[in-house]
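Please open the model in a viewer and set it to a cartoon display. The stops below are given in the order in which they may be selected.

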Amino acid sequence: MADMAINPGAAAPRGRRAWPTELNALIGLVAIALVFEALAWAIRGQTFLGNTAILRIMILQVAVVGIIAIGVTQVIITGGIDLSSGSLVGMVGIIAMSFAQAGTRNGADFTGAVFWEQGWVDLPVAVPIAVGLVLGLIAGVVNGALVAYAKIPPFIATLGMMVTARGVAKWWTAGEAVSNPTPSFAALGQGMMPVLIFVALAVLFQALLSFTLYGTRTYAIGSNRDAARMSGINVERHLVLVYALAGSLAAVAGLIAVSRQLTAQAGLGVMYELDAIAMAVIGGVSLVGGRGSIIGTALGMLIFGIIISGFTFLRVDAYYQEMIKGGIIVGAVALDVWRQRRRALRG
Amino acid sequence: MTRNTIAAGLIGILAGTASAETIGVSMALFDDNFLTVLRNGMIAHAQGLEGVDLQVEDAQNDVGRQLNQIENFIAAGVDAIIVNPVDTSATQAMTDAAAAAGVPLVFVNRMPINLESLPDNQAFVGSNERDSGTLQGTEVCRLLREQGTDPARVILIMGELSNEAAITRSQMIRDTVAREDCAFMEIVEEQTGNWNRQQGADLMTNWLGAGVEFDAVVSNNDEMAIGAIQSLKAAGISMDDVIVAGIDATQDALAAMQAGDLDVTVFQDAAGQGAGAVDTALALARGEEVAREVWIPFELVTPENIDGYLTRN
């Protein structure tokens, strides 16, 4: 029993009662996909899922938020929450883009570059990437330190970071957009690159959670913090690590987003944190902590993608889209809660 | 039973939208008064046309979301796309996406940064901000000349300085003052009120406190003009003694004009831009030749012609 409390995710008990929450999300995904496919034939007389252009954008459009969700999932597994990721996308995006600007535009000198006077244009692509990652890392470490050492509730600590980072993003250029990146920086987000980066990161972090001490500790802290501490885990240090990773992943998302759009603006990423949390929750990550996986979150992400593309394909008005999306988020959690309660009653 | 009714209703909604020509529309954001008038103008115009169907989406002020919506429209096989850009510096990526798929694209209201290099099946529909400032400045000049005020001291309240409209409108006022027939005018104060009513009011209170004297207040938008009016009235200054001019012809501004407080405003035809965008998109979808820039004119609003504008925005 003590073993289970410390290590429930890495070694899930087998048997009838061990219905993995990811399976719910997978069933939901298949069901929603089939519903859209059926409606597509009924209404437009053509396939929805067989359309490669649709499949492409379906995944591409959620990849950036998906990268954030990888970090947010781990934070939620520790029993915390991260509201700052959307603002970090905006802050990292606009500052990194300032280090990624080309020196010429349409054949003429691009004197509008943020660092034109300093001559910091046409820098190697490693510079904006490093700047972005370091910023995300610092913000994540601050989040983690506030939560772990200052004992500020995660909701409040990351809310503070959310407001602060958005302020930094606006202050950086006094609200003006930053554009005209070098071709090498623009290449980061072109084509299916965002999806490839998402898949690589998702596989990496799922492996870390499933097979390493890092994962064991993350689940242990979320399941029972006191038990984790008594079993010798340095809870504070581990929390800082998890939040730092989440901040860095938000930075990756910011870099990819501005690279794909070829411009960065201070308002970038508003509400991304909530979309990321919703993806995790739909994928079976429990807000109480200790339960969930990157696989589940990725399934939640795909459900989001299908809904967005599906509604456009079926020509459903924007108003209905948001109403139905909200319903699905609540519905997914309600279903999960109901299943768990039934399981508890039977057990 | 109920479930069947709901399903039938949903399919009814969906089936009702299938038609001959479909235009995908991505608006920068839904909860903006001006853009809502534009959006509804677009929808109303499309409903009046036979077999034209609009699919309107809300980009929620997010460039990434807008780019995704455009790609979704392309994948869903729309005949043309209308975009009200979130950020005009991001329009190149949108142009590239639509051009690669060969789908006609129309930008509306906000001028794309790549206007000069738009491909043949893309266009911009909007109003020329140079006209709004010139119309406003010229009318203020005319009123001051009629009064016989010479020299005439003018205060200029500007919008957000990073904003193209604020820069252009202000420059047109400076150009008007530099004109020979309006050379008796002089700009004595210039400040930014960030499009905001309260900031317009605060600026005016500060100027009054500092003893600045003036004959006219020219504001980049109505909200700041109304703020200035509120401060002027609070200071006990008669609105007959000072000319106040705004731009936008909002409902509040028209009410202020009817009350005799606001003297000049300029109407930007949001619904006209929406209708123009739909017409341009249809023309492009049918392969017709279209001018790269389609201008919907600004219109001057004064107490004499205000009745024609009361229900338009």
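What percentage of the 313 residues of chain B count as buried? In this predicted model, the figure is 51%.

**Stop 1: chain B as a whole**

Select chain B and display it as a cartoon. Ten helices and twelve strands make up its secondary structure. Along the principal axes, the C-alpha atoms of chain B fill a box of roughly 70 × 50 × 35 Å. If one takes the contacts in chain B between residues at least 6 apart in sequence, 73% of them join residues at least 24 apart.

**Stop 2: the contact between the chains**

Now show chain A as well. The contact draws 28 residues from chain B and 32 residues from chain A. On the side of chain B that touches chain A, the elements giving two or more residues are α1 (2-15), β2 (52-58), α3 (63-76) and α4 (91-101) of chain B. Colour α3(B) separately, since this helix supplies the largest share of that side, ten residues. By class, the residues on the side of chain B that touches chain A are 13 nonpolar, ten polar and five charged.

**Stop 3: helix α5 of chain B and the loop after it**

Select residues 129-147 of chain B, which form α5(B). This helix has 19 residues, and the distance from its first C-alpha to its last is 28 Å, close to the 27 Å expected at 1.5 Å a residue. Show side chains for its buried residues, among them Glu129(B), Gln136(B), Glu139(B), Cys141(B) and Leu144(B). After α5(B) comes Gly148(B), which has a positive phi near 80°.

Continue to Pro151(B), in the loop between α5 and β6 of chain B. The peptide bond that joins Asp150(B) and Pro151(B) is cis, with omega about 0°.

**Stop 4: helix α8 of chain B**

Select residues 222-234 of chain B. At 1.5 Å a residue, the 13 residues of α8(B) should span 18 Å, and the end C-alpha atoms are indeed 18 Å apart. Is this helix largely enclosed or largely open? Ten of its 13 residues are buried, so α8(B) is largely enclosed by the rest of the structure. The buried residues include Asp222(B), Glu223(B), Met224(B), Ile226(B) and Leu232(B).

To see what covers these buried residues, add the surrounding elements of chain B: β6 (152-158), α7 (197-209), β8 (216-219), β9 (243-245), α9 (251-258) and β10 (265-267) are included in the cover. Gly236(B), which follows α8(B), has a positive phi near 75°.

Next, move to Asp248(B), in the loop between β9 and α9 of chain B. Although Asp248(B) is not a glycine, its phi is positive, about 125°. Asp248(B) has 25 other C-beta atoms within 10 Å and is therefore buried.

**Stop 5: two packed helices of chain A**

Return to chain A and select residues 85-98 and 126-148, which are helices α4(A) and α5(A). Two packed helices are described by the angle between their axes and the distance between the axes. For α4(A) and α5(A), the angle is about 150° and the axes are 9 Å apart. Angles over 145 degrees count as roughly antiparallel, and α4(A) and α5(A) are therefore roughly antiparallel to each other. Their crossing is right-handed.

Show the side chains at this contact. From α4(A), the residues are Leu88(A), Met91(A), Val92(A), Ile95(A), Ala96(A) and Met97(A); they meet Pro128(A), Val131(A), Gly132(A), Leu135(A), Gly136(A) and Ala139(A) of α5(A). The contact of α4(A) with α5(A) has ten nonpolar residues, two polar residues and no charged residues.

**Stop 6: two loop residues of chain A**

Select Leu262(A), in the loop between α11 (235-261) and β4 (263-264) of chain A. Leu262(A) is not a glycine, yet its phi is positive, about 65°. With 23 other C-beta atoms within 10 Å, Leu262(A) is buried.

Finally, select Gly269(A), in the loop between β4 and α12 (272-282) of chain A. Which residues does Gly269(A) touch, not counting those up to four places away in sequence? The residues are Gly86(A), Ser87(A), Val89(A), Gly90(A) and Gly254(A). Gly269(A) is buried, with 32 other C-beta atoms within 10 Å. For a distance to check in the viewer, the C-alpha atoms of Gly269(A) and Asn106(A) are separated by 29 Å, and these residues are 163 residues apart along the chain.

Key:
Residues are numbered from 1 along each chain as its sequence is written. Chains are lettered from A and ligands numbered from 1 in the order in which they are written. Axes are lines fitted to C-alpha atoms, for helices over the stretch in contact, and angles run from 0 to 180 degrees between N-to-C directions. Helices (H or I, at least four residues) and strands (E, at least two) are DSSP runs, numbered from the N terminus. Angles under 35 degrees count as roughly parallel, over 145 as roughly antiparallel, 65 to 115 as roughly perpendicular and the rest as oblique. A crossing is left-handed if the near helix is turned anticlockwise from the far one by less than a right angle, and right-handed if clockwise. Two residues are in contact if their C-beta atoms, placed from the backbone, lie within 7 Å. Ala, Val, Leu, Ile, Met, Phe, Trp, Tyr, Cys and Pro count as nonpolar, Asp, Glu, Lys and Arg as charged, and the others, Gly among them, as polar. The expected span of a helix is 1.5 Å times one less than its number of residues. A residue is buried if 20 or more other C-beta atoms lie within 10 Å of its own, exposed if 12 or fewer, and partly exposed in between; C-beta atoms are placed from the backbone.
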